[in-house]
Amino acid sequence: TISGSGADIWAGGDQFQYAYVKVQGNFDMKAHIVSRTWSTDRWGKGGIMARQDLTASSRYVFVHDNPDPDGARMAIRPTHGGSDNTEPFVLADGTHPNWFRLARVGDTITGYYGANGTTWTAFGTNTWGGGTTVYLGFALTSHSNCGVATLVWDQLTLSGTILPPDDPGPGPGPTPGVCTPRADVRLNEAYLRVNGGDERWV
C-alpha cells in the first residue's frame, strides 16, 4: 500500500510518494493494482516509475493510472533537470487496467499494461540516456497537498540487479496541519520490500 499527497509529477518540480529500490542495468517490474482511492483531483497519478535520481526534476519514465476519464498512460521527462514532460502514450478510450509493467533492455525502457499479468500490450518505448542505475518503484501523487490518494498493490515481481540502498539520513518531513508543496521527493520515500527483504524507511 502506498498512500499520501503531493502537488504533482510534472513540470520541473515533482512532489509525490515513492517506494523504490535502486537497480543497475536491465530490469523487469510487474505489479497488480488491487484498489484505488483517489482524492477529488482528476490529475492524481499512481503507477510504476524508473527515475534517474531522487531530485525533484529528475529524468523519469512512468506508467500510471489516474482518475481522468481519458485512461491510463505513460509519461516521460526526457531531460534530466528539465521541465519538458510529455505523455505520448494515452489510452484515450478510457481504459484503466489493473496490471502495469516497466522493463529495460539496454538503453530502451518499455511501458506495458494488461488485464491478467500474462498478456501485455505496450504503451510505447523510451530511449533512456540516463546511465545504468535507476531508482525503480511505486510512485503516487494526489495532485493536491491537502488531498490523499491510496493505491494498494500486490503480485509484485522484479528481476534485475538490486543495489544496496543509499543512506541520505532522515528528511525534515512535512509540517503537521500545513498544506504546502513538498520541496523534494526525499521528504516522503521508502525503500521497497522485494523478495522478502526488509522495508527500509529513510
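Helices and strands here are DSSP runs, a helix taking at least four residues and a strand at least two, numbered from the N terminus. The model is predicted.

**Whole chain.** Start with a cartoon view. The chain has 0 helices and 13 strands, so from the N terminus on every element in the run β-β-β-β-β-β-β-β-β-β-β-β-β is a strand as defined by DSSP. Colour by burial next: of the 202 residues, 48% are buried. The accessible surface comes to about 8,600 Å², and carbon and sulfur atoms account for 51% of that area. If you display contacts between residues at least 6 apart in sequence, 66% of them join residues at least 24 apart.

**Strand β11.** Select residues 144-163, which form strand β11. Add residues 2-6, strand β1: the two strands pair in the antiparallel sense over 4 bridges. Within this stretch, Gly6 stands opposite Ser144 of β11. Now add residues 17-37, strand β2, which also pairs with β11 in the antiparallel sense, over 12 bridges. To find one position in β11 by its partner, pick Val23, whose bridge partner there is Ile162.

**Aromatic pairs.** Show the rings of Phe, Tyr and Trp. A pair of aromatic rings is described by the distance of the centres and the angle of the planes. With centres required to lie within 6.5 Å, the count comes to 9 aromatic pairs. Go to Tyr18 and Tyr20, a tilted pair with 5.3 Å centre to centre and 35° between the planes. Tyr18 has a relative accessible area of 2% and is therefore buried; at 5%, Tyr20 is buried too.

Move on to Phe100 and Phe123, which form a stacked pair, 6.5 Å centre to centre with 10° between the planes. Which strands hold these two residues? Phe100 lies in strand β7 (residues 99-105) and Phe123 in strand β9 (residues 120-127), so the pair ties together parts that are 23 residues apart in sequence. Both Phe100 and Phe123 are buried.

Keep these two selected and add Tyr113, Phe138 and Trp153: ring pairs link Phe100, Tyr113, Phe123, Phe138 and Trp153 into a cluster.

**Arginines over rings.** Two stops remain. Select Arg59 with Trp128; Arg59 lies over the face of the Trp128 ring, at 5.9 Å from the ring centre. Then select Arg101 with Tyr112, where Arg101 lies over the face of the tyrosine at 4.5 Å from the ring centre.

Technical notes:
Residues numbered from 1 in each chain as written. Predicted model: local features only at pLDDT ≥ 70, side-chain atom pairs only at ≥ 80, totals over all residues. Heavy atoms only, no water. Buried < 20%, exposed > 50% of the residue type's maximum accessible area, 1.4 Å probe, protein only. Contact = heavy atoms within 4.5 Å. Areas by Shrake-Rupley, 256 points an atom, 1.4 Å probe, with all protein chains shown as cover. Phe/Tyr/Trp six-rings, centres within 6.5 Å; stacked < 30°, edge-to-face > 60°. Lys NZ or Arg CZ within 6 Å of the ring centre and 35° of its normal. Pairing = 2+ DSSP bridges.
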